[in-house]
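Colleague: Take a close look at the aromatic pairs for me, please. Then work outward from there to whatever surrounds them.

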Amino acid sequence: MIKVCSRYGIDDLPFIPGGRVMALGMFDGFHQGHTDIIKSAVRLAERSNLLTCVQTFMDLEKKGEDKLLYTLEERVRMLEELGVDEMLVLDFPKVKDISAQEYCDRILKMRSGAAALFIGHDYRFGKGAEGDEFLLKKFASENNIGLRVISDRVLEGTGRRISSTWLREALSEGDCVLAAKLCGGRHYSYTGRVVHGKHAGRNMGFPTANLEITQDKFVVRRGVYCSRILLGNRVLYGVTNIGRRPTVEAAVNDVAETYIFDFDEDIYGAYIRTELLKFLRPETQFGSKEELISAVERNKIEAKEYLKAHGLE
């Protein structure tokens, strides 16, 4: 299980002989470029019998469409899946004003004991983002620390560099198919515990599992998606509405509201992951509940056709 440590906050990384292999970055989108960096660090650590540590940030405030694509909890889960041993979480408000040199000396050398560093070429650090790969190369050379700068990943057939910005653009348009390609096949998801809603869906014949979307989490294009639901070891499918349910409630906060096919179990409080597979239609305020019910029935048919066409039934 991954060990999560926080510098200038909860805890420090413990000293270990031989040092650590560290991957540095925000790693928000977990796209192919990010996973290239992390996987490279994991491979070197395994060959060298060292621990892999990923340094990232918490309390990094972003607004509007620039909100974090993944919460800290979600990033922890994905790092575990990649075989990372430790995660150093820097409290952004507390470290944003330290100089680039202090970052190298205090965080990378003294506290982390870095033996090797992995970064993307656009990695920036220190006050005013003054630190870059050239400063790190000088620091690494002076301190006998290995440094590898991982090349950008370009999406095949496009010539365009994969980035978190492009990922946000795709999700803002509802293009979760493109988003999955940018992430090496991993679908964008919302995770959390199922909460009680107003039971409007159940009263209309399609009970839903609702996840509240936290205020710091990115919201994709509001609308209805064909979705895959992971509940423990079970894989289920359904349709998910991302938005504020204007026909029945006009809520203030966004919710991921999922109707799971052929499923009527009580899962309130259960932890689920809802992956978005295909955008079906934008969120719409219907003139009546009857119109909404008809639209949901059409969405169910469309989703099942998509799943069948892709061998996911």
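Modeller: The model is a predicted one. Searched as a whole, the structure yields 7 aromatic pairs. One of them joins Y70 and Y188. Their ring centres are 5.2 Å apart, and the planes make an angle of 50 degrees, a tilted pair. Where do the two partners, Y70 and Y188, lie? Y70 sits in the loop between β3 and α2 (72-81). Y188 sits in the loop between α7 (176-182) and β7 (189-193). The pair therefore ties together parts that are 118 residues apart in sequence. Both Y70 and Y188 are buried.

Y188 has a second ring partner, Y190. Here the centres are 5.5 Å apart and the planes stand at 85 degrees, so this pair counts as edge-to-face. Y190 is buried, as is Y188. Ring pairs thus make a cluster out of Y70, Y188 and Y190.

Charges come next. Y190 has K217 over its ring face, at 5.0 Å from the ring centre. A comparable entry lies elsewhere: K304 is over the face of F261, with 4.8 Å to the ring centre.

Y190 also leads into the nonpolar core. The largest core has 54 residues, and the members that touch the most others are I38, Y190 and V220. Helix α1 supplies the largest share of that core, with 5 residues. Take I38 as an example. Beyond its neighbours within four places in sequence, I38 contacts A23, F27, F30, V54, L79, L82 and V84. A separate core of 27 residues lies apart from this one, and its members include L108, A114, I119 and L136.

L108 brings us to helix α4, which spans residues 100-111. Which residues of α4 are buried? They are A100, Y103, C104, I107 and L108. Around the helix axis they cover an arc of only 120 degrees, which puts them on the same side of α4. The elements covering these buried residues include four strands and a helix, named as follows:
- β2 (20-24) and β3 (51-58)
- β4 (86-91) and β5 (114-120)
- α5 (133-142)

After α4 comes G113, with a positive phi near 60 degrees.

Glycine is not needed for a positive phi in this model. F30 has one of about 50 degrees and is not a glycine. A129, likewise not a glycine, has a positive phi of about 55 degrees. Are these two buried or exposed? F30 is buried, at 2% relative accessible area. A129 is partly exposed, at 42%. Their places in the chain are two loops. F30 is in the loop between β2 and α1 (32-48). A129 is in the loop between β5 and α5. F30 is also one of the contacts of I38, already listed.

H31 lies in the loop between β2 and α1 too. H31 is buried as well, with 5% relative accessibility. A polar atom of the H31 side chain lies 3.0 Å from the backbone nitrogen of G33. What does H31 touch beyond its neighbours within four places in sequence? The contacts are I162, S163, S164, L182, C183 and R186.

Back to the strand that holds Y190's stretch of chain: β7 covers 189-193. R193 belongs to this strand. R193 is exposed, with a relative accessible area of 53%. Y268 is 75 residues away from R193 along the chain, yet the two C-alpha atoms are 7.4 Å apart. With neighbours within four places set aside, R193 is in contact with N210, L211, G269, A270 and Y271. One of these contacts is polar: the R193 side chain reaches the backbone oxygen of G269, at 3.1 Å.

To recap the part you asked about. Y70, Y188 and Y190 form a ring cluster. K217 lies over the face of Y190. Y190 is also among the residues that touch the most other members of the largest nonpolar core.

Terms used:
Residues numbered from 1 in each chain as written. Predicted model: local features only at pLDDT ≥ 70, side-chain atom pairs only at ≥ 80, totals over all residues. Heavy atoms only, no water. Buried < 20%, exposed > 50% of the residue type's maximum accessible area, 1.4 Å probe, protein only. Arc of directions from axis to C-beta. Contact = heavy atoms within 4.5 Å. Core = buried A, V, L, I, M, F, W, Y, C linked by side-chain atoms within 4.5 Å. Polar contact = N/O pair within 3.5 Å; in protein donor to acceptor, adjacent residues only side chain to side chain. Phe/Tyr/Trp six-rings, centres within 6.5 Å; stacked < 30°, edge-to-face > 60°. Lys NZ or Arg CZ within 6 Å of the ring centre and 35° of its normal.
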